[in-house]
Amino acid sequence: MYLHLGQDTVITTDSIVAMFDIDACTVSKKTRDFLAAAQKNGEVVNVSYELPRSFVVCRRDGRTVVYISQLSTKTLSRRGLP
């Protein structure tokens, strides 16, 4: 099954590890450190032209990819997660 993250980005639901609300999760230093390390390693894909509301962690081809989306986790989960 596929999940549309916004703009022109679609991923397979099998690759999703977790979905997080940005406002709730970036309070934690560990989450901020994880996102900073992913950004430094070139693993972040920003699919949002607006204020980001969530990020989705995926495993693809043996590596981690973090997608930043303007859609909320609630909206994303209603779009097709089993």
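**View 1. Strand β5, a well-enclosed piece of the predicted model.** In this predicted model, β5 is largely enclosed by the rest of the structure, because five of its seven residues are buried. On one flank, β5 pairs with β3 in the antiparallel sense, over five bridges. Look along that pairing and you'll find F20 standing opposite F55 of β5. Strand β6 also pairs with β5, again in the antiparallel sense, and here there are seven bridges. In this second pairing, S54 stands opposite S69 of β6.

**View 2. The open sheet and the helix that packs on it.** Step back a little and you can follow four strands in an open sheet, in the order β3-β5-β6-β4, with mixed pairing. The edges are β3 (16-21) and β4 (44-46), each of which pairs on one side only. From one strand to the next, the twist averages 20°. Helix α2 packs on this sheet and touches β4, β5 and β6. Compare directions and you'll see that α2 makes an angle of about 110° with β6.

**View 3. The hairpin of β5 and β6, with D61 in its loop.** Two residues sit between the strands of this hairpin. D61 lies in the loop between β5 and β6, and its phi is positive, about 55°, although D61 is not a glycine. Why is that worth a look? Most residues other than glycine have a negative phi. D61 counts as exposed, because its relative accessibility is 77%.

**View 4. Q7, another residue with a positive phi.** Here's a loop in another part of the chain: Q7 lies between β1 and β2 (9-12). Q7 isn't a glycine either, yet its phi is positive, at about 50°. Is Q7 buried, exposed or partly exposed? With a relative accessibility of 32%, Q7 counts as partly exposed.

**View 5. The largest nonpolar core.** Eleven residues make up this core: L3, L5, I11, I16, V47, V56, C58, V65, Y67, L71 and L76. Which elements give two or more residues to it? They are β1 (2-6), β5 (54-60) and β6. Zoom in on one member, V65, and leave aside its neighbours within four places in sequence: V65 is in contact with E43, V45, V56, V57, C58 and R60. There's also a second, separate core of nine residues, and I22, A38, F55 and I68 are among them. This sort of grouping is familiar, as nonpolar side chains in soluble globular proteins tend to be buried together.

**View 6. C58 and C25, two cysteines that don't bond.** C58 belongs to the largest nonpolar core and is buried, with a relative accessible area of 1%. Why doesn't C58 bond with C25? The closest cysteine sulfur to that of C58 is the one in C25, and at 15 Å it is too far for a bond. C25, too, is in no disulfide. The structure as a whole holds zero disulfides.

**View 7. A salt bridge along helix α2.** How many salt bridges does the structure hold? Just one, and D33 forms it with K29, their closest N and O atoms being 3.2 Å apart. D33 and K29 are separated by about one helical turn, because they are four residues apart in α2. D33 is partly exposed, with a relative accessible area of 40%. K29, for its part, counts as exposed, at 53% relative accessibility.

**View 8. K30 and S72, one exposed and one buried.** K30 has its place in helix α2 (residues 29-40), and it is exposed, with a relative accessible area of 70%. S72 is found in the loop between β6 (63-69) and α3 (73-78). Unlike exposed K30, S72 counts as buried, because its relative accessibility is 12% and the cut-off for buried is under 20%. Not counting residues up to four places away in sequence, S72 touches R53 and S54. How many residues apart along the chain are K30 and S72? They are 42 residues apart, and their C-alpha atoms are separated by 21 Å.

Conventions:
Residues are numbered from 1 along each chain as its sequence is written. This is a predicted model: local features need pLDDT of at least 70, side-chain atom pairs count only at pLDDT 80 or more; totals for chains, interfaces and linings use all residues. Side-chain values use heavy atoms; hydrogens and water are left out. Buried means under 20% relative accessible area, exposed over 50%, partly exposed in between (1.4 Å probe, protein chains only). Contact means heavy atoms within 4.5 Å. A nonpolar core is a set of buried Ala, Val, Leu, Ile, Met, Phe, Trp, Tyr and Cys residues joined through side-chain atoms within 4.5 Å. A disulfide is a pair of cysteine sulfur atoms within 2.5 Å. A salt bridge is a side-chain nitrogen of Lys or Arg within 4 Å of a carboxyl oxygen of Asp or Glu. Two strands pair if DSSP finds at least two bridges between them. Axes are lines fitted to C-alpha atoms, for helices over the stretch in contact, and angles run from 0 to 180 degrees between N-to-C directions.
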